[in-house]
Amino acid sequence: MRPLDPPKRLLLGPGPSMVAPRVYQAMSKPVVGYLDPYCFQVIEEIQAGLRNVFGTKNELTIPISGTGSAGMETAVANFAEPGEKFAVFVNGFFSERINEMARRQGAQIVRLEKPWGEIFDDAEAREFIQRERPRVVAYVQAETSTGAFQPGKAICEAAHEADALVIADCVTSLGGMPVEVDATGIDIAYSCSQKCLSCPPGLSPVTVSPRAWKRLESRTTPVQSWYLDLKLLEAYYKGHKYHHTVPISMLYALHEGLSLVEEEGLEKRWERHRRNHLALVAALEKMGLAMHVAQGRRLWTLNTPRVPHGIDDMNIRKRLLDGHGIEILGGFGPLAGKVFRIGLMGSSSTEENVALLADALGKALAAERSQAARS
Ligand SMILES: Cc1ncc(COP(=O)(O)O)c(C=O)c1O
């Protein structure tokens, strides 16, 4: 085998984002066993750091071993029950994935749909929940396929009035913009390590409210997934009983990523993401690109400018990657070929990266246009 020699990339796509150098250093520290007191010390500090970024006091706040989809599956597998009503707000790719996971759990799915890039207003969210009276409601707070932010307060209030639990996907918001689990009323939230927390992919932070834990304790059917069964996981994280061999080097990474958040200050970090998002939008609009998502509903972490008429987004992405080492991605599903997806997350969200991307994208668009004019 040849020695590893990954190409130098500037990761400005929908994730993974750039890994902080201190995180790489943390990952090279010696491995300890999963029952070592040091391992539990690291886990406890991670739990405190996660409570801070999630904005919660939830005791059950843990890093699930696996990527963001493992967090999603933990939320769905533990709280969707066969035959019970599971409501999904569907306005993008990842809410469709939640739907699919709940379907596989045998839940009775009910959906409220919107075109990709739009969000649900308070009145329609409430009306849907009051009409359906589901046991669980799920929505995507930060929809990476569209760039839209879905507020959750009205959803959570209506759900709680109907005695339903609320699951929120915070994969593209955690550490980059306010998630506010407790203030919003979210019962189960999950995220990932590879976006705004500046770590590699591999862990999925999950938090569970006391109300949701009570529901779990009264559950009559076994959770179908052994690996993601929260009661079994709690016996490890709280009771220190073996469940599975936790990926300690990834825990070191997350610990360092959360230390970076603490040192920067969470609110300052949000402000950095907001500022760089606004600077990017201004630069894109100056280039003549329109944003897909309406102002005030946009993520600060993932930007979706529309692909200009007559331009093939694949060609632009290839020019950025081959000519500048910059990764951005395009849209998919109904947005295929219609938007670029540009991430400014964690360590990737810098003024310098905004300027680099704007310059490279401007050149790539100009080169494409002059090539089209010649042929
Ligand atoms: C909103 C959202 N949910 C879930 C996921 C799934 O995460 P992963 O690809 O880390 O499994 C992603 C991945 O980008 C995402 O953006």
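How many nonpolar, polar and charged residues does the shell around the ligand have? By class, there are 7 nonpolar, 6 polar and 1 charged. The model is predicted. The domain assignment splits the protein into domain 1 (21–262) and domain 2 (265–374).

**Ligand shell**
- The ligand has 14 residues around it. T67, G68, S69, T144 and V171 come nearest.
- Helix α3 (residues 68–79) gives the largest share of this shell, with 3 residues.

**Sheet**
- Seven strands form an open sheet with mixed pairing. Their order is β2-β10-β9-β8-β5-β3-β4.
- The edges are β2 (60–65) and β4 (108–113), and each of these strands pairs on one side only.
- From one strand to the next, the twist averages 20°.
- Strands β9 (residues 188–190) and β10 (residues 203–208) pair in the antiparallel sense, over 3 bridges.
- Y190 has V206 as its bridge partner in β10.
- Helix α2 (residues 37–54) lies across β2, β9 and β10. Its direction is at about 105° to β2.

**Domain contact**
- The centres of domain 1 and domain 2, taken over C-alpha atoms, are separated by 28 Å.
- In domain 1, 24 residues are in contact with 21 residues of domain 2.
- On the side of domain 1 that touches domain 2, α2 and β7 (148–149) each supply at least two residues.
- By class, that side of domain 1 has 12 nonpolar, 11 polar and 1 charged residues.
- Helix α2 thus appears in two places: across β2, β9 and β10, and on the side of domain 1 that touches domain 2.

Terms used. Residues are numbered from 1 along each chain as its sequence is written. This is a predicted model: local features need pLDDT of at least 70, side-chain atom pairs count only at pLDDT 80 or more; totals for chains, interfaces and linings use all residues. Two strands pair if DSSP finds at least two bridges between them. Helices (H or I, at least four residues) and strands (E, at least two) are DSSP runs, numbered from the N terminus. Axes are lines fitted to C-alpha atoms, for helices over the stretch in contact, and angles run from 0 to 180 degrees between N-to-C directions. Two residues are in contact if their C-beta atoms, placed from the backbone, lie within 7 Å. A residue is near a molecule or strand if its C-beta atom, placed from the backbone, lies within 6 Å of it. Ala, Val, Leu, Ile, Met, Phe, Trp, Tyr, Cys and Pro count as nonpolar, Asp, Glu, Lys and Arg as charged, and the others, Gly among them, as polar. Domain bounds come from an automatic or database domain assignment.
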